Amino acid sequence: MKKESVKKIKEEKKVQIKQEEKKQKSLITSRVLFITVLDKIYLVSLGLCFLGGTFTIFNGHIGNLNYGFWARVGYEILFLIVLFLIYLFMNWFYKCAAKTMLCLTKNQVYKEHYIPFKKSETSIPLNKITAVSAINIFWIFRCVVIHQYHRFPMVFFTWTNYEFKEKLNELITAEKENIENEFESRNIITKEMYKFVVYIGMALVGIIVLLGIVRFFTYMFNGERKLAGTYINEKNKIELNKNGNCSIEGLVDKVTQCVWTYDSDTKEISMNYEYEYSYYYSRYTSTSKGNITLKYNADEKNLEYKDMKFTKEK
């Protein structure tokens with residue numbers, strides 16, 4: 001029994017070897033245009049998005065009361081998640097492009113085309129080909145065009161378009177055999193680059209921590225915090241909060257949102273607010289924006305607006 005099983009295994013290996021030998025290697029294989037630099041293009045694009053997005057999120061005066069540091073950290077985390085999902089999609093597309101090929105054997109032109117969720121194969125016998133053209137557009141955009149009987153031409157963008165055309169013109173005979181698609185399976189971010197991604201991540205965490213420390217001290221020693229409080233003038237009331245928000249009563253009705261900033265050079269407080277209003281003939285309300293600028297009197301510690309003075313509550 002053991003001898004028969006060993007003999008059977010040997011026969012199966014011989015059949016497997018014969019099947020592998022039947023796979024014919026192509027005379028010339030052309031890959032998709034820019035495939036050798038597509039991963040670099042993707043990496044540069046992702047890097048620019050990463051730098052631009054992070055700069056946009058953390059851009060602003062870190063010492064302002066309404067800077068919102070922790071909210072920006074949350075936005076950065078969401079941004080990194082979205083960027084990672086974009087990377088996965090781009091990596092998937094890159095793998096499909098890396099496997100796509102156009103090759104030539106002694107009897108046919110064979111094409112394997114990959115897109116997400118789909119693989120297509122096209123085989124054109126040499127006796128069905130009427131002509132082959134190699135086209136360069138602005139030198140860098142190259143393609144090979146294979147013309148057939150009663151069919152639309154096959155267009156394949158590749159850097160080796162002239163080599164493919166010359167080899168195809170040399171062929172006379174044809175044979176039908178399986179085509180072996182030899183391609184290197186790799187990701188946009190190679191194993192050698194993982195350490196640099198880790199370094200970038202560590203640097204990002206370090207920068208965020210440093211920004212947090214700077215934000216903490218600038219917030220604690222910010223002179224605007226001393227201005228926070230409630231200021232009253234008869235029926236009018238202005239409240240400046242330490243988090244940069246404010247409220248207005250009397251001067252403007254139906255204020256829904258308000259933020260304030262202080263300019264130490266002009267000693268003025270600027271309040272930007274949103275309020276609701278409606279026309280007498282309509283039951284629907286609309287939202288509009290407004291601004292109030294008050295002068296801060298450091299000696300008397302009150303606010304001046306037109307001919308009104310607002311005194312701070314103790």
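How are helices α3 and α5 oriented relative to each other? In this predicted model, α3 and α5 are roughly antiparallel to each other, and the details of their packing are set out below together with the salt bridge, the disulfide and the exposure of several residues. The protein as a whole has five helices and 15 strands, and of its 314 residues, 33% are buried. Among contacts between residues at least 6 apart in sequence, 52% join residues that are at least 24 apart.

**Helix packing**

- Helix α3, which covers residues 69-99, packs with helix α5, which covers residues 191-220, at an angle of about 165 degrees, and their axes are 11 Å apart.
- Because an angle over 145 degrees counts as roughly antiparallel, the pair α3 and α5 is described in that way.
- The crossing that α3 and α5 make is right-handed.
- On the α3 side, the contact is made by F69, V73, E76 and L80, while on the α5 side it is made by L204, I208, L211, G212 and R215.

**The disulfide**

- The count of disulfides comes to one, and this disulfide is formed by C246 and C258, whose sulfur atoms lie 1.8 Å apart.
- C246 belongs to strand β10 (residues 246-249) and C258 to strand β11 (residues 255-263), so the pair ties together parts that are twelve residues apart in sequence.
- The torsion about the S-S bond of C246 and C258 is about -75 degrees, and the disulfide is therefore left-handed.
- C246 and C258 are both buried.

**Two further cysteines**

- C49 has a relative accessibility of 43% and so counts as partly exposed, whereas C143, with a relative accessibility of 4%, counts as buried.

**The salt bridge**

- Searching the whole structure turns up one salt bridge, in which the side chains of K40 and D39 meet at 3.4 Å, taken from N to O.
- The two partners are described by different exposure classes: K40, at 46% relative accessibility, counts as partly exposed, whereas D39, at 4% relative accessibility, counts as buried.
- The class given to D39 follows because buried means under 20% relative accessible area, and D39 stands at 4%.

Key
Residues numbered from 1 in each chain as written. Predicted model: local features only at pLDDT ≥ 70, side-chain atom pairs only at ≥ 80, totals over all residues. Heavy atoms only, no water. Salt bridge = Lys/Arg side-chain N within 4 Å of Asp/Glu carboxyl O. Buried < 20%, exposed > 50% of the residue type's maximum accessible area, 1.4 Å probe, protein only. Disulfide = S-S within 2.5 Å. Helix = DSSP H or I, 4+ residues; strand = E, 2+ residues; numbered from the N terminus. Axes fitted to C-alpha atoms, helices over the stretch in contact; angles between N-to-C directions. Parallel < 35°, antiparallel > 145°, perpendicular 65-115°, else oblique. Left-handed = near helix turned anticlockwise from the far one by under 90°. Contact = heavy atoms within 4.5 Å.
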